[in-house]
Amino acid sequence: MKVAVVNKTGQDLEIEERGIPEPLENEVVVKQDFTGICYRDILTRDGFFPRLKTPIVPGHEVSGIIEKTGSGVEDFKVGDRVASLIYLPCGHCINCVSGNENLCQYKKTLGENLDGAYSQYVRLNQRSLVKVPSGVDGELATISACVTGMVIHALKQVAGITEGSRVVITGAGGGVGTHAIQIARAYGAEVAAITSSPWKEKDLYKLGADHVVSSEGEFNKKIKEIWPEGANISLENTGDATFNEAFRSLGFGGKMVVVGNLKPASPPLQLGVLILKGNSVTGSISSTRRDVMDALEMSAKKKIKAVVSEEVSLNNVNDAFERIKAKKNTGRVFIKF
Ligand SMILES: [Zn+2]
Ligand SMILES: [Zn+2]
């Protein structure tokens, strides 16, 4: 099988030929039809993760059919359709046993510490697996941990979204943003989608955005025109470029949840506003097994649909990275095997 490999950070991924893996103890081998390309994979290639050891197969957005099982695997069998967390939790620490495995400090991440999803067959530990209920599209199963489950974690578990919440979503045209609009709407929220790409406006309304603000720079004044009391939640998908405006869009008691950091940087935080408005700024990392199950359930009920920008072959993954960096895509780009 063909595998895309980061042999050295800062260089293109290389396509190599490898044998289909054999599962070790507690592991399964899953056959995928496709995998998602995440901005994190681009940051991996570009060398933004200092502890990354190369060579490594990047990618962490996995679903498919179990082809082989190793010893010790009891809850899953050959033929089961599964999705995977983007990491392998340790299973023993306080966060793991309390259902907060996304905060496991001993976890190993696919595509960073473990070979990831840029190959048709992937070796996975059973602790990472979640069964996919019937009625879930393949693409939605594949992005149930990194995209939809991650957004559910940020909006529901961290920000406490409720019906009627006023939610700002930055980077709204990207792979995360296009699904976040739908998820926020599924929770009954009113959504203002922020995009720096005005040509994406129509699509964002189609996905359910109540308001779309096309803005490279200042947008908090426009948000205040739409919502004089400000937003309850800002979901920050891009980082430095929009951080300050997303923060200033919040009303009293507003919560900002940061999930994206496309160009690693340290934006300033207005402490006076933070205090006087009783705002909070929180990071949110990945998703738990519970979040992935919620995402799959939402998908099975057709409350959300996959926004597929394009499908590329593994051979063309480097070109796809460049198009994603240039913000050419609306939605998720998938690698088709
Ligand atoms: Zn991802
Ligand atoms: Zn743990």
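**Figure 1. The antiparallel sheet of the predicted model.** In this predicted model, 5 strands form an open sheet with antiparallel pairing, and their order is 9-3-5-6-10. Strand 9 (121-125) and strand 10 (129-131) are the edge strands, and each of them pairs on one side only. From one strand to the next, the twist averages 50°. Strands of a sheet pair through backbone hydrogen bonds, either parallel or antiparallel.

**Figure 2. Strand 3 beside strand 5, with helix 10 on the sheet.** Strand 3 (residues 27-31) pairs with strand 5 (residues 63-69) in the antiparallel sense, over 4 bridges. Lysine 31 stands opposite isoleucine 65 in strand 5. Helix 10 (residues 289-300) packs on this sheet, where it touches strand 6 (81-84) and strand 10. The direction of helix 10 makes about 30° with that of strand 10.

**Figure 3. The parallel sheet.** A sheet of 6 strands is also open, but its pairing is parallel, in the order 13-12-11-14-15-16. Strand 13 (211-214) and strand 16 (280-283) stand at the edges. Each of these two has a single partner strand, so one side of each is left without a neighbour in the sheet. On average, neighbouring strands of this sheet are turned by 20° against each other, direction ignored.

**Figure 4. Strand 15 beside strand 16, with helix 4 on the sheet.** Strand 15 (residues 250-258) and strand 16 pair in the parallel sense over 4 bridges. Methionine 256 has valine 281, in strand 16, as its bridge partner. Helix 4 packs on the sheet and touches strand 14 (231-236), strand 15 and strand 16. Its direction makes about 150° with that of strand 14.

**Figure 5. Helix 4 and its kink.** Helix 4 (residues 144-158) has 15 residues, but its end C-alpha atoms are only 18 Å apart. A straight helix would reach 21 Å at 1.5 Å a residue. Helix 4 has a kink of about 30°, centred on methionine 150. Of its 15 residues, 13 are buried, so helix 4 is largely enclosed by the rest of the structure. Glycine 160 follows helix 4 and has a positive phi, near 65°.

**Figure 6. Helix 4 crossing helix 10.** Two packed helices are described by the angle between their axes and the distance between the axes. Here the axes of helix 4 and helix 10 come within 8 Å and cross at roughly 105°. That makes helix 4 roughly perpendicular to helix 10, because angles of 65 to 115 degrees count as roughly perpendicular. On the side of helix 4, the contact is made by Ser144, Ala145, Thr148, Gly149, Ile152, His153 and Gln157. Helix 10 contributes Asp291, Val292, Asp294, Ala295, Leu296 and Ser299. An α-helix has 3.6 residues a turn, so residues three or four places apart point the same way.

**Figure 7. Helix 5 and its surroundings.** Helix 5 (residues 175-186) has 12 residues and reaches 17 Å from its first C-alpha to its last. This span is close to the 16 Å expected at 1.5 Å a residue. In helix 5, 10 of the 12 residues are buried, so the helix is largely enclosed by the rest of the structure. The buried residues are Gly175, Val176, Gly177, Thr178, His179, Ala180, Ile181, Gln182, Ile183 and Ala184. They pack against helix 4, strand 11 (166-169), strand 12 (190-195), helix 6 (201-206), strand 14 and strand 18. Just after helix 5, glycine 188 takes a positive phi of about 85°.

**Figure 8. Backbone exceptions in three loops.** Most residues other than glycine have a negative phi, and most peptide bonds are trans. The peptide bond from threonine 54 to proline 55 is cis, with omega near 0°. Proline 55 lies in the loop between helix 1 (39-46) and strand 5. Lysine 302 has a positive phi, near 60°, and is found in the loop between helix 10 and strand 17 (308-313). With 11 other C-beta atoms within 10 Å, lysine 302 is exposed. Lysine 327 also has a positive phi, about 55°, although it is not a glycine. Its loop runs between helix 11 (317-325) and strand 18 (332-336). Lysine 327 is partly exposed, with 15 other C-beta atoms within 10 Å.

Note on methods:
Residues are numbered from 1 along each chain as its sequence is written. Chains are lettered from A and ligands numbered from 1 in the order in which they are written. This is a predicted model: local features need pLDDT of at least 70, side-chain atom pairs count only at pLDDT 80 or more; totals for chains, interfaces and linings use all residues. The expected span of a helix is 1.5 Å times one less than its number of residues. The bend at a residue is the angle between axes fitted to the seven residues ending there and the seven starting there. A residue is buried if 20 or more other C-beta atoms lie within 10 Å of its own, exposed if 12 or fewer, and partly exposed in between; C-beta atoms are placed from the backbone. Two strands pair if DSSP finds at least two bridges between them. Axes are lines fitted to C-alpha atoms, for helices over the stretch in contact, and angles run from 0 to 180 degrees between N-to-C directions. Two residues are in contact if their C-beta atoms, placed from the backbone, lie within 7 Å. Angles under 35 degrees count as roughly parallel, over 145 as roughly antiparallel, 65 to 115 as roughly perpendicular and the rest as oblique.
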